[in-house]
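Grab your viewer and work through the exercises below. Each one sets a task and then walks through a solution.

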Amino acid sequence: MTLEAATPGASYGSTASGSSFYAAMRILPHDQREAMFQIYSFCRQVDDIADSDGPRDERLAALQEWRNDIDALYQGNPPPRLKDYVASVKTFGLKREDFLAIVDGMEMDVPQDIRAPDMATLDLYCDRVASAVGRLSVRVFGLPEEDGILLAYHLGRALQLTNILRDIDEDAGLGRLYLPREALLHAGITSNDPNRVIAERALPKVCAPLTQRAKAHFEKSDEIMNRNKRRAVRAPRIMSKYYHSILDLLIARGFNAPREPVRVSKVTRILILLRYAFI
């Protein structure tokens, strides 16, 4: 599950939405909490590279440096910025390929801005920037292997699709359009220019199947969490309920222009935390 994928694509630097991540992680025991903040820090740093306005070749080089550092970590020679990760990798069995998948996902935005990817490419993007984070996270939470991988698959996609639906206008301002090509064409939209697409009257028709897809992933993730120990799924449950609330607000608001930003109220956030944190 993505760690607060809050700005274009999958950003880990939003203070406003960061509160739900911090609330969900602060309830964890010390070792788990430290591991999760390390994962978060890694995601934020590589995301900051992808979302910066620096030259594309420099951003690609910086992401490659992270790949090299991850390789060094798993070869027993961690660079200074990853020395603290050694204990977490060993304790929780964190996988090298999941860290590398996150870098690969961030890199998808770098050679050129994503614009109307086909559905397969969008799903790959969601897997890399969200479900790969989930695969690291469920190991920290202590879920069984099979259900952990399934939860990462479904909840990661649910959260990332919700982000995409929430951030349509913000992404367009950065020249990005994550809405899938098939949905655009089905709605009669042939342009992939972000600013033109967000002004289309048919935009709600584009968003409808994505909302249904996100809801289906939330339902699947709920099924998985319901059959596992409540303490093991406290943090993902909080994230799920928070993001499901965002999706509900988006559906209630609709996708016709003008689109006011949606925010989960402080009262709702507190109620979610009280219900699921203290088990």
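## Exercise 1: Tyrosine 22 and its surroundings

Tyrosine 22 is in contact (heavy atoms within 4.5 Å) with Phe37 and Tyr40, once its neighbours within four places in sequence are left aside. Before you go on: this is a predicted model, where local features need pLDDT of at least 70 and side-chain atom pairs count only at pLDDT 80 or more, while totals for chains, interfaces and linings use all residues. Residues are numbered from 1 along each chain as its sequence is written, and side-chain values use heavy atoms, with hydrogens and water left out.

Task: place tyrosine 22 in its helix, classify its accessibility and find its spacing from phenylalanine 37.

Solution.
- Step 1. Tyrosine 22 belongs to helix H1, residues 15-26. Helices here are DSSP runs of H or I with at least four residues, numbered from the N terminus.
- Step 2. Its relative accessibility is 37%, so tyrosine 22 counts as partly exposed. The classes are buried under 20% relative accessible area, exposed over 50% and partly exposed in between, using a 1.4 Å probe and protein chains only.
- Step 3. Tyrosine 22 and phenylalanine 37 sit 15 residues apart in sequence, and their C-alpha atoms are 8.9 Å apart.

## Exercise 2: Two helix packings

Task: work out how H2 is oriented against H5 and against H6, and sort the residues in each contact.

Solution.
- Step 1. H2 and H5 pack at about 25 degrees with axes 9 Å apart. The axes are lines fitted to C-alpha atoms, for helices over the stretch in contact, and the angles run from 0 to 180 degrees between N-to-C directions.
- Step 2. That angle makes H2 roughly parallel to H5. Under 35 degrees counts as roughly parallel, over 145 as roughly antiparallel, 65 to 115 as roughly perpendicular, and the rest as oblique.
- Step 3. From H2, the contact uses Phe42, Cys43, Val46, Asp47 and Ala50, and from H5 it uses Phe99, Ile102, Val103 and Met106. By class, that gives eight nonpolar, no polar and one charged residues. Ala, Val, Leu, Ile, Met, Phe, Trp, Tyr, Cys and Pro count as nonpolar, Asp, Glu, Lys and Arg as charged, and the others, Gly among them, as polar.
- Step 4. Now swap the partner: H2 and H6 pack at about 170 degrees, with their axes 9 Å apart. H2 is therefore roughly antiparallel to H6.
- Step 5. Here H2 brings Gln32, Ala35, Met36, Ile39 and Cys43, while H6 brings Val133, Leu136, Ser137, Val140 and Phe141. The split for H2 with H6 is eight nonpolar, two polar and no charged.

## Exercise 3: Salt bridges

Task: take the salt bridges of aspartate 51 and aspartate 98, and say which parts of the chain each one links.

Solution.
- Step 1. Use the rule: a side-chain nitrogen of Lys or Arg within 4 Å of a carboxyl oxygen of Asp or Glu. It gives 18 salt bridges.
- Step 2. Aspartate 51 pairs with arginine 176 at 2.7 Å, N to O. Aspartate 51 is in helix H2 (residues 30-51) and arginine 176 in the loop between helix H8 (168-173) and helix H9 (181-186), so the pair ties together parts 125 residues apart in sequence.
- Step 3. Aspartate 51 is partly exposed at 26% relative accessibility, whereas arginine 176 is buried at 4%.
- Step 4. Aspartate 98 meets arginine 135 at 2.8 Å, N to O. This pair links distant parts of the chain, helix H5 (residues 96-107) and helix H6 (residues 119-141), 37 residues apart. Both aspartate 98 and arginine 135 are buried.
- Step 5. Salt bridges with shared partners join Asp51, Arg56, Asp109, Asp113 and Arg176 into one network.

## Exercise 4: Backbone oddities

Task: locate the cis peptide bond and the positive phi of alanine 116.

Solution.
- Step 1. Start from the background: most residues other than glycine have a negative phi, and most peptide bonds are trans.
- Step 2. The bond from alanine 257 to proline 258 is cis, with omega near -5 degrees. Proline 258 is in the loop between helix H12 (234-253) and helix H13 (266-277).
- Step 3. Alanine 116 is not a glycine, yet its phi is positive, about 50 degrees. Alanine 116 lies in the loop between H5 and H6 and is buried at 5% relative accessibility.
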